[in-house]
Amino acid sequence: MDKYVCDLCGYIYDPAAGDPENGVAPGTPWDKVPADWVCPLCGAGKDQFSKQ
């Protein structure tokens, strides 16, 4: 699965790890991450992420 990086702060969303603290289970691919999810470091929306 592809990783995605926040264009604003550099946070990397790794589907294998997910973001369980914010409701995204490990193993969740990017296209299944909720549209209203935001970067846990800077609060950027999904539209501010690029495929790594």
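These exercises read the fold, core and selected residues of a predicted model.

Local features need pLDDT of at least 70 and side-chain atom pairs count only at pLDDT 80 or more, while totals for chains, interfaces and linings use all residues. Residues are numbered from 1 along each chain as its sequence is written, and side-chain values use heavy atoms, with hydrogens and water left out.

**Exercise 1. State which pattern of helices and strands the protein chain follows.**

Start with the definitions. Helices (H or I, at least four residues) and strands (E, at least two) are DSSP runs, numbered from the N terminus. Now count. The chain has zero helices and three strands. Read along the sequence, the pattern is β-β-β.

**Exercise 2. Compare the radius of gyration of the protein chain with that of a compact globule.**

The radius is taken over C-alpha atoms, and the globule rule is 2.2 Å times the number of residues to the power 0.38. For 52 residues the rule gives a value near 10 Å. The chain has 10 Å, so the two agree. Next, take the box along the principal axes: the C-alpha atoms fill roughly 25 × 20 × 15 Å. Finally, look at contacts (heavy atoms within 4.5 Å). Of those with a separation of 6 or more, 42% join residues 24 or more positions apart.

**Exercise 3. Describe the surface and charges of the protein chain.**

By the Shrake-Rupley method with a 1.4 Å probe, the accessible surface comes to about 3200 Å². Carbon and sulfur atoms hold 49% of that surface. For charges, Lys and Arg count as positive and Asp and Glu as negative; His and the chain ends are not counted. Each charge is placed at NZ of Lys, CZ of Arg, CG of Asp or CD of Glu. There are 4 positive and 8 negative side chains. The centres of the two sets lie 7 Å apart.

**Exercise 4. Find the largest nonpolar core and place Tyr 13 and Val 33 in it.**

Buried means under 20% relative accessible area, exposed over 50%, and partly exposed in between (1.4 Å probe, protein chains only). Of the 52 residues, 31% count as buried. A nonpolar core is a set of buried Ala, Val, Leu, Ile, Met, Phe, Trp, Tyr and Cys residues joined through side-chain atoms within 4.5 Å. The largest has eleven residues, including Tyr 13, Val 24, Trp 30, Val 33, Trp 37 and Phe 49. Tyr 13 sits in strand S2. Its relative accessible area is 0%, so Tyr 13 is buried. Beyond four places in sequence, the contacts of Tyr 13 include Val 24, Trp 30, Val 33, Trp 37 and Phe 49. With the same exclusion, Val 33 contacts Tyr 13, Val 24, Thr 28 and Lys 46.

**Exercise 5. Locate Val 5, Gly 10 and Lys 32.**

Val 5 is in strand S1 (residues 4-6). Leaving out residues up to four places away, Val 5 touches Gly 10, Tyr 11, Ile 12, Gln 48, Phe 49 and Ser 50. Its C-alpha is 6.0 Å from that of Gln 52, 47 residues along the chain.

Gly 10 lies in the loop between S1 and S2. At 41% relative accessibility, Gly 10 is partly exposed.

Lys 32 belongs to the loop between strand S2 (12-13) and strand S3 (49-51). Its relative accessible area is 60%, so Lys 32 is exposed.
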